[in-house]
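Visitor: I am new to this structure and would like a close look at a single part of its surface. Could you take me there slowly and then set that part in its wider setting?

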Amino acid sequence: MTDTRDARADALLNAVNAEDGQHLKVFLGAAPGVGKTYAMLAAARDMRRQGVDVVVGLVETHGRAETSALLEGMEILPTRKVRHAGRDFREFDLEAALVRRPAVILVDELAHTNLPGGRHSRRWQDIAELLDAGIEVYTALNVQHLESLNDQVRRITGVAVRETVPDAFLDRARDIVLVDLPPRELIARLRQGKVYVPETAAVALEAFFSPTNLAALRELAVETVAAHVDSDLRDHMLARGGVMPVRRRVMVAIDGAAQSDYLVRVARRIAERRGAPWSVVFVDRGRVDPERRERVDAAMRLARRLGGEEVVLRGHAIADELLAWADREGVGQIIVGRTRERPIARRLGYSLTQRLLRRAAHLELTIVATPAERARARHRLRVGNDLGSRREYGLATVATVIAMAFSFIADRFLSVANLSLVFLTAVLFVAARTRMAVAVYMALLCFVGYNFFFAPPRYTLAIANADDVLAVVLFLVAALVCSRLATRLAGQVQSLRAAQARARTLVSLGQQLATASDAAAVRLVGARALARALDVDAAMLVRDASMTLVAETAAPSPFELTPQDRAAADWCEQHGEPAGRFTDTLRAANCWMLPLGGETQASGVAALRYPAGTREPDVDRRGLAMAMVQDIGQALERARLAAELEGARVKAETEGLRNALLSSVSHDLRSPLASMIGSAGTLLSYDEKLPADERHALLQAILGEGQRLDRYIQNLLDMTRLGHGNLTLHRDWIDAGEVVASAVARMRQLFPDTRIDVTLPKETVLLHVHPALVEQALFNILENAARFSPPGEAVRVVVRREAGRLLVDVNDRGPGIPEEERAMIFDMFYSVSRGDRGGQGTGLGLAICRGMIGAHGGNVEALPQPGGGTTMRISLPLSDPPDENR
């Protein structure tokens, strides 16, 4: 049910994409000269007559007058001049087409290979970019240029077509128009010089344009169009809820043999007919020679071009790995090539095909015959090319000589009863380090040596003792078993090492990315990890304030970018696909560009610069690079989201502070103003009518509320200076008792009814502080304590010296502060029924107090007091006063 829903979703998405302006119309022909360009121009002229904005980007008329006539009156874009091999050529100008942005553009010869210097190496990539830009494209193509048909065309015509187009690109076509001519008419056109010049036409008639070849190519063209019609019908029915067979993945297994490319193309054709996704799978058993590895990489590159998925599995049992992956990924069909048959493995049922046939009964197994590979395998078997290297055979020979020498010594001086054990040990030693053929070779050598020199009758090859016959059998069995186990173990160890190295690299990268604090640190870590893991020069390209791509690298030397590198990086960032070296887009660049895009937006580009002459990375290193870049991109996305979240949090806190400040100003600052205005209004209205004592009381109220308002404003100014780091300390030496006495005196004027008890140390304690600020901090704490002390209860101030610090404790008998709120009362505008915001106050007093004391290197904390109430403790560091006699 899930697969069906997914298929319907894919079909609906395809239907939406078909209506969003990304339209491709392909005029497909079976061979050159059938009239593709003519049909394309005729259709374009009809569209132009209907008022559609049609432009000719590039059309090749090949000197045909009737085709050139159709260009009259059409708008033709200027081409791009390219100098190559000492000659001037005209190429399609992609930039001009993107600037012009017509509704429909004609670009001929879809399979054309662009000359060096352009943005893309192939014309179909130019057209893909036009489609992505929302421009409808008309183009022409011959069927022999399809990538999946390359082998078939070569077998039919004997001609290897070098310029090919991935079948996945043809899948983007909304319409495919089949342009066809019967073979006899096409041959007649060829003889009339309407396809090639007479000299070329004569050669073509003898080779490519034979009636048999043209008939076969026509069949291929019809099959291609029919497959496209079937695909459209399938999407149409699925999009409307119709019942279609469930798509099961097609998997092709390759082993790096010469026919791997052939198998990939076969898998593409089968998957296309079934309308199913497909994958190319290689099982890495650890030991892969460079030649085989290169063929695997070539097959994987072909799979990417054809739209398949490339998968590398690691393990020793090929059948087990293939079946496990098939069950996990929902594979319905497995395609394998017919390989060289080993008689023993076939009889014991150990061959790959037999294992798959026995265990994959629920799957469809397709075995593709590859005659050329089988013939080469038989040739290798005849000439013995599968024997071990000279070094391995040299090791076996030397080990045999050493065993014989030791046996001579043991036979003469040690009286060893069974010398065959010496030879058996040597066989085991060599078999554990070499291949089966070498181990068998040594077993035969040891048998001949043992039989000739030590087995009676000596110095003959006759065997008189049955034990000696058993010895040679043991030699052979031990060689076969040990070499088999050793080969398997070595392959597993090598595969595990590669997997462990990849996992270790990714884990290390993940740990480093987790500790990176911001996007710049993530890019630095990523560049360093890529350079170390891939042994390349790596840099992260990001845009600066002027929107120019600049390189951030871990290396001290600058990372220079060529104009081709910058063009590749721009394209990579814009399209979210690799570009530059080792790709088909702007491959003249020196760097391999990989996008660092996150889920929502691009985060830059990773630039990997390999030394000159370096071959394209193999599948493993390419996969490692892509995985690392993906992790770096995700880390950059997380850093971006974290920065946005922090910005939102700061904005929310700022908004909260602003609202709290407005609330405080509107309430706490307005109260004294209202009292002052009321008292002043009463004096103004009843001046002489009021008794003297009432007038004095009103004036005293105005003065008190004015002083209160002045303190609020001073607190706001002090808090602003603290928040902006503009608080300047003018330190001086002062007696701690004087600071306390000054603050207490101010308190007694403001709260004459509150008793304040002060306990000072007996000795003089000097502080190197800004006296006014410390006094203001102590005053804020005393004021807060006085407001919440019950009537009649004293506020106690205890000053003492302890461990090189001065401690000032202010004790009150108020309601106390819960433990969970003791740290929060120092926050600005903290609003509770306790603290300096209860009753009256802006909520700034304790926050300012902590800021002022903190500027002197001290601290303020709220502590519980036995019996109830709160102790506010000021702690200041003490310094040694200067010696005046020095």
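Guide: What follows looks at one nonpolar surface patch and then at the chain around it. Please keep in mind that this is a predicted model, in which the protein chain averages a pLDDT of 77 and 78% of the residues score at least 70. The patch is made by Ile463, Val469, Val473, Val477, Val481 and Leu485, and its area is about 460 Å². One of these residues, Val469, is found in helix H20, which covers residues 466–515. Val469 has a relative accessible area of 39%, and because that value lies between 20% and 50%, the residue counts as partly exposed.

Turning from the patch to the whole, the protein chain has 28 helices and 25 strands, and its accessible surface comes to about 45800 Å², with 55% of that belonging to carbon and sulfur atoms. Of its 886 residues, 44% count as buried. Among the buried residues are two cysteines: Cys446 has a relative accessibility of 0%, so it falls under the 20% limit, and Cys591 is likewise buried, with a relative accessible area of 0%. A search of the whole structure for disulfides finds 0. As for how the chain folds back on itself, when contacts between residues at least 6 apart in sequence are considered, 69% of them join residues at least 24 apart.

Some stretches call for caution: over residues 242–247 the pLDDT stays under 50, and the model has 12 contacts for them beyond four places in sequence. Residues 343–349 also have a pLDDT below 50, with 8 contacts in the model beyond near neighbours in sequence.

How values were computed: Residues are numbered from 1 along each chain as its sequence is written. This is a predicted model: local features need pLDDT of at least 70, side-chain atom pairs count only at pLDDT 80 or more; totals for chains, interfaces and linings use all residues. Side-chain values use heavy atoms; hydrogens and water are left out. A disulfide is a pair of cysteine sulfur atoms within 2.5 Å. Buried means under 20% relative accessible area, exposed over 50%, partly exposed in between (1.4 Å probe, protein chains only). pLDDT is the predictor's confidence in each residue, from 0 to 100. Contact means heavy atoms within 4.5 Å. Patches are made of residues with over 30% relative accessible area and no salt bridge: like charges are joined within 9 Å, nonpolar side chains (Val, Leu, Ile, Met, Phe, Trp, Tyr) within 5 Å. Accessible areas come from the Shrake-Rupley method with a 1.4 Å probe; for residues, only the protein chains shown count as cover. A salt bridge is a side-chain nitrogen of Lys or Arg within 4 Å of a carboxyl oxygen of Asp or Glu. Helices (H or I, at least four residues) and strands (E, at least two) are DSSP runs, numbered from the N terminus.
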